[in-house]
Amino acid sequence: MKKIIAPSILSADFSRLGEEVDSVLKAGADWVHFDVMDNHYVPNLTIGPMVCKSLRSYGITDFIDVHLMVKPVDPLIRMFADAGADLISFHPEATDDLDKSVALVKDLGCKVGFAVNPSEDLTHAKNYIQDLDLALLMSVNPGFGGQKFIETVLPKISEMRECIDQCKKEVRLEVDGGINPQNIKTVCDAGADTFVLGSAIFNTDDYANTITDLRNNIG
Ligand code: DX5
Ligand code: ZN
């Protein structure tokens with residue numbers, strides 16, 4: 001499966017977001033990772049569906065990977081599907097009716113993912129594996145960019161990899177938080193195929209150099 005680099009626009013310069021997204025895609029990124037925080041499920045407050053819609057109007061046609069860190073999830077699932085999201089991940093414990101939320105994402109024509117916090121186990125992700133397009137394992141506590149990678153998540157990545165390999169269905173294994181050129185190989189070797197990076201890309205001067213460096217490190 002192709003290795004996907006998904007820059008988190010959380011660390012981009014929001015005063016010129018369209019240009020930033022354009023540059024990072026031209027520099028070789030595959031997806032746009034869109035972190036949505038509601039100051040309720042997590043303490044931070046970021047961007048909503050209007051910004052996603054604006055990126056589409058600006059001309060961004062690439063894959064938009066929406067990570068909802070919100071509670072409840074259903075109203076924002078509807079709004080992000082309408083705003084042009086390709087994939088919507090949410091935290092399973094943030095909804096009262098998992099089946100309904102999963103069905104909602106799919107009925108609206110998007111791919112669906114579950115996000116798992118560092119302290120949580122893989123029960124939901126494993127139970128719903130047949131319904132999922134992606135499992136998003138958080139390697140920092142959700143809320144802020146620029147945090148340190150939590151090493152204890154590595155065995156969980158391998159456990160999820162095993163489960164995905166057994167299910168005979170294409171499910172991406174995405175890891176999000178604290179990834180950089182120094183540790184991306186370890187994350188890849190543990191079993192990840194999709195890598196979210198915010199500060200390690202947007203805080204550098206040359207996105208193309210950084211992305212080439214990242215790809216070289218994961219072969
Ligand atoms: C954390 C977000 C991540 C994060 C990634 O809540 O979901 O996407 O911003 O940023 P870095 O790579 O800086 O940890
Ligand atoms: Zn994220």
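Student: What makes His 33 count as buried or exposed in this predicted model?

Tutor: The relative accessible area of His 33 is 0%, and since buried means under 20%, His 33 is classed as buried.

Student: How do you know on which side of that cut-off Asp 176 and Ser 8 fall?

Tutor: Asp 176 has a relative accessible area of 8% and Ser 8 has 4%; because the limit for buried is under 20%, Asp 176 is buried, and Ser 8 is buried too. Ser 8 sits in the loop between β1 and α1, where its contacts, leaving aside neighbours within four places in sequence, include His 33 and Asp 35.

Student: Which protein atoms are the donors of the zinc ion (ligand 2)?

Tutor: They are His 33 (NE2), Asp 35 (OD), His 67 (ND1) and Asp 176 (OD), at 2.0 to 2.3 Å from the zinc ion, and a donor has to lie within 2.8 Å of such a metal. His 33 belongs to strand β2 and Asp 176 to strand β7, so this pair ties together parts that are 143 residues apart in sequence.

Student: Why is the site of the zinc ion (ligand 2) called irregular?

Tutor: The angles among its 6 donor atoms run from 62 to 167 degrees; six donors count as octahedral only if all angles other than those between opposite donors lie between 65 and 115 degrees, and because 62 degrees falls outside these limits, the site is irregular.

Student: What makes the approach of Ser 199 to ligand 1 a polar contact?

Tutor: A polar side-chain atom of Ser 199 lies 2.6 Å from an oxygen atom of ligand 1, and the cut-off for such a pair of N or O atoms is within 3.5 Å. The protein covers 100% of the 380 Å² of accessible area that ligand 1 has on its own.

How values were computed:
Residues numbered from 1 in each chain as written. Chains lettered and ligands numbered in written order. Predicted model: local features only at pLDDT ≥ 70, side-chain atom pairs only at ≥ 80, totals over all residues. Heavy atoms only, no water. Donors = N, O, S within 2.8 Å, 3.2 Å for Na, K, Ca; no water. Tetrahedral: all angles 85-135°; square planar, octahedral: opposite > 155°, others 65-115°. Helix = DSSP H or I, 4+ residues; strand = E, 2+ residues; numbered from the N terminus. Buried < 20%, exposed > 50% of the residue type's maximum accessible area, 1.4 Å probe, protein only. Contact = heavy atoms within 4.5 Å. Polar contact = N/O pair within 3.5 Å; in protein donor to acceptor, adjacent residues only side chain to side chain. Areas by Shrake-Rupley, 256 points an atom, 1.4 Å probe, with all protein chains shown as cover.
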